[in-house]
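Some labels on a model deserve a challenge. Here each one is put to its cut-off.

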Amino acid sequence: MKKIVILGGGYGGVLTAKKLAKKFKKNKDVEITLIDRNPYHTLLTELHEVAANRAPEDSIKIDLKKIFAGLKVNVVLDEISNIDFKGKKLKSNKTTYAYDYLVIGTGSKPTFFGIPGAEENTFSFWSYDDAVALKRQIRDMYTKAAMEKNPTVRRAMLTFVIIGAGFTGVELVGEMAEQREELCKEFYIDPSEVRLIVADMAPKILPILPDKLIQKAEAHLRKLNVEIVTGAKITEVGEGSVALGEKNVVASQTIVWTAGVEGSEVVGGLEVQQQGRKRIVTNENLESVDHKNVYVVGDNIFFIPEGETRPVPQMVENAEQAAPIVAGNIAADIQNTAKKAYKPGFHGTMVSIGSRYGVANVGLPGKFFMLTGFMAMLSKHFINMFYLSQVVGFNKVWTYMMHEFFHVENRKSFLGGHFSKRSPNFWLVPLRMLLGGMWLYEGIDKLRKIWEDPNKIFLIPAAPFATDASSAASVAVDAVKTTVDAQSAASAVSTAKEAVEALPVPGFVYNITNWFMDLMFYNNDGSYTFLAKWFQIGMVCAEIVFGIMLIVGLFTAIASIATIAMSVMIWSTKMASTEMLWYVGAGIACIGGSGSTFGLDYYVLPWLKKHWKRIPIVRRWYLYTD
């Protein structure tokens, strides 16, 4: 039995565990264990959204048991205090864990550069607990300031200082600037009283980005009334104040530290070669240079790729690209095959400044594009959803979309508030029932004709090449009679040409439809095949069934989509009148939960959801919503 232990449930640890589980899913001689002190994986790149109350607290947490549901990974909750490399054991206060292969992915923690008072008097911002604590602190300051009479104390309460103008600091201060208007309105505070400062010892903010994007970011921050202090040596952080240079002491009761990171405490105490703030030196296979059975992933890696002068950056994409290399090389070790070298090809960086604006430098290695505003935010959300699709698939991507696009208050989405406006579903009940009734009526009316003559085809137009022209014309007239416009037989005959012309069909669509009907429904002489009869019966039954489903509110999303599909089929044959537009519009309106009020979906969907999640393949592929 080969024991593989992954230490740390961060980005690198989770992805490595998933890759290993896939490689060894049928190998009973390999045991995979992931150890973390928390029962959840945290989306560290989204901490600012929770701190400024744009997203709910649980939106940045993913249960580790959910991530590895149905996978060959044992999740252990424990805090490792030491690693015995010679004995191949990890030690905690409770027990020890033996390993044959170890993956270290414990991530980073804030570093305070030895600045007096920095650690004691600031809010760190590097974990889920940090984000929640800061969220409460921000609200507490507004609450207390609203009742404070002393102007000096009130000013300190309403001054927020973020130390560090990298990605984390800029994203946080941008989010807080957007939140300021909401909180000031709630607590009756003049926005001009609230002071937001982002400060850094570096000469410019976001130094990893091109100067053009830095200027754009600075301009947007100033538009949000954020003070930018750069090139300021942080000499001391007192209890309620911070020295931004020798002469600039700012009184503040909320000082947030985002100025830098270093390796986690457990990594800092290990007997391995370390460089660059407690990062473990690895070879090209991402193995520790001191221990060949110990691999490193994520922020803990110190490796300079061939042709580069700097080590790989401490960012999520580094973890995403390193994880498959580590998993593959462990598998190569076990299977005695060749290992692969780590050759990362990063696709750029992006930073959001509030909910609706961002800057990004993205593309392919060697060819990058600078994006701002909508396109930058689009790239950020796309990258986030791509990562989540690897971790918890459809389940978390769906949840992410709800939090970022559809359940967003105060128009705090890069799409604005257009998709987040919600109204009670009961307003759709009359429309749903009317739509269902119309489809049911059409189906029953057609069923009567089938009952009278099962062999008479009226839902499929006559073949253009039919030998009997008079018969073809007769069939065409019958088809018009039975279209959704439900006109009388006499008026249908007189307006046949108008009905066909009412909704034009592009030539290529009509050609595809004709090709399909020639293949399935017409004989060589233009007569109908036996499939035409059964297709017609199926369409009539579908109209009746989906009409009933809409009336009673059962699986209304499926029924609505199906009726739209039937409408498109009728339209593509040039048999749809303008009334068909009403059917399509009403069908689209009824897709979104119209059966959850005064419908059977109110009872059926919760029951199905409960039992659906218990199916192994559903849990394995995360094909459910929370």
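**Labels and their cut-offs**

A nonpolar surface patch of about 720 Å² is formed by Phe-394, Trp-398, Trp-612, Ile-615, Ile-617, Trp-621 and Leu-623. The model is predicted: local features need pLDDT of at least 70, side-chain atom pairs count only at pLDDT 80 or more, and totals for chains, interfaces and linings use all residues. Residues are numbered from 1 along each chain as its sequence is written, and side-chain values use heavy atoms, with hydrogens and water left out.

Q: What makes a group of residues a patch?
A: Patches are made of residues with over 30% relative accessible area and no salt bridge; like charges are joined within 9 Å, nonpolar side chains (Val, Leu, Ile, Met, Phe, Trp, Tyr) within 5 Å. Areas come from the Shrake-Rupley method with a 1.4 Å probe, and for residues only the protein chains shown count as cover.

Q: Which elements give two or more residues to the nonpolar patch?
A: They are α11 and α21 (616-621). Helices (H or I, at least four residues) and strands (E, at least two) are DSSP runs, numbered from the N terminus.

Q: Why does Trp-612 count as partly exposed?
A: Its relative accessibility is 41%. Buried means under 20% relative accessible area, exposed over 50%, and partly exposed in between (1.4 Å probe, protein chains only). The value of 41% falls in between, so Trp-612 is partly exposed. Trp-612 sits in helix α20 (residues 601-612).

Q: Why is the Arg-54 and Glu-404 pair called a salt bridge?
A: A salt bridge is a side-chain nitrogen of Lys or Arg within 4 Å of a carboxyl oxygen of Asp or Glu. Here the closest N and O atoms are 3.1 Å apart, so the pair qualifies. Arg-54 lies in the loop between α2 (47-51) and β4 (61-63), and Glu-404 in helix α11 (residues 393-406), so the bridge ties together parts that are 350 residues apart in sequence. Arg-54 and Glu-404 are both buried. They are linked with Glu-49 and Glu-175 in a network of salt bridges. The structure holds 21 salt bridges.

Q: What places Glu-442 and Lys-446 about one turn of the helix apart?
A: Both lie in helix α12 (residues 429-452), 4 residues apart. They form a salt bridge, with the closest N and O atoms at 3.1 Å. Both are buried.

Q: How do you know that Asp-445 and Arg-448 form a salt bridge?
A: Their side chains meet at 3.0 Å, N to O, which is set against a limit of 4 Å. These two residues also lie in helix α12, 3 residues apart. Arg-448 has 42% relative accessibility, so it counts as partly exposed.

Q: Why is His-41 called buried?
A: Its relative accessibility is 0%, so it falls in the buried class. His-41 belongs to strand β3 (residues 40-42).

Q: What makes the meeting of His-41 and Tyr-387 a polar contact?
A: A polar contact is a pair of N or O atoms within 3.5 Å; within protein, one must be able to donate a hydrogen and the other to accept it, and residues adjacent in sequence count only if both atoms are side-chain atoms. The two side chains are joined at 2.8 Å, so the distance passes. The His-41 side chain also reaches the backbone oxygen of Gly-9 at 2.9 Å.

Q: Why does Thr-159 count as buried?
A: Its relative accessibility is 3%, so Thr-159 is buried. Thr-159 is in strand β12 (residues 159-163). Its side chain reaches the backbone oxygen of Arg-155 at 2.7 Å.

Q: What makes a set of residues a nonpolar core?
A: It is a set of buried Ala, Val, Leu, Ile, Met, Phe, Trp, Tyr and Cys residues joined through side-chain atoms within 4.5 Å. The largest core has 115 residues; Ile-67, Phe-68, Ile-83, Leu-90, Leu-102 and Tyr-142 touch the most other members. A second, separate core of 24 residues includes Leu-440, Leu-503, Met-549 and Ala-559.

Q: Which residues does Met-370 touch, not counting residues up to four places away in sequence?
A: They are Pro-210, Lys-212, Leu-213, Ala-360 and Asn-361. Contact means heavy atoms within 4.5 Å. Met-370 is in strand β26 (residues 367-372).
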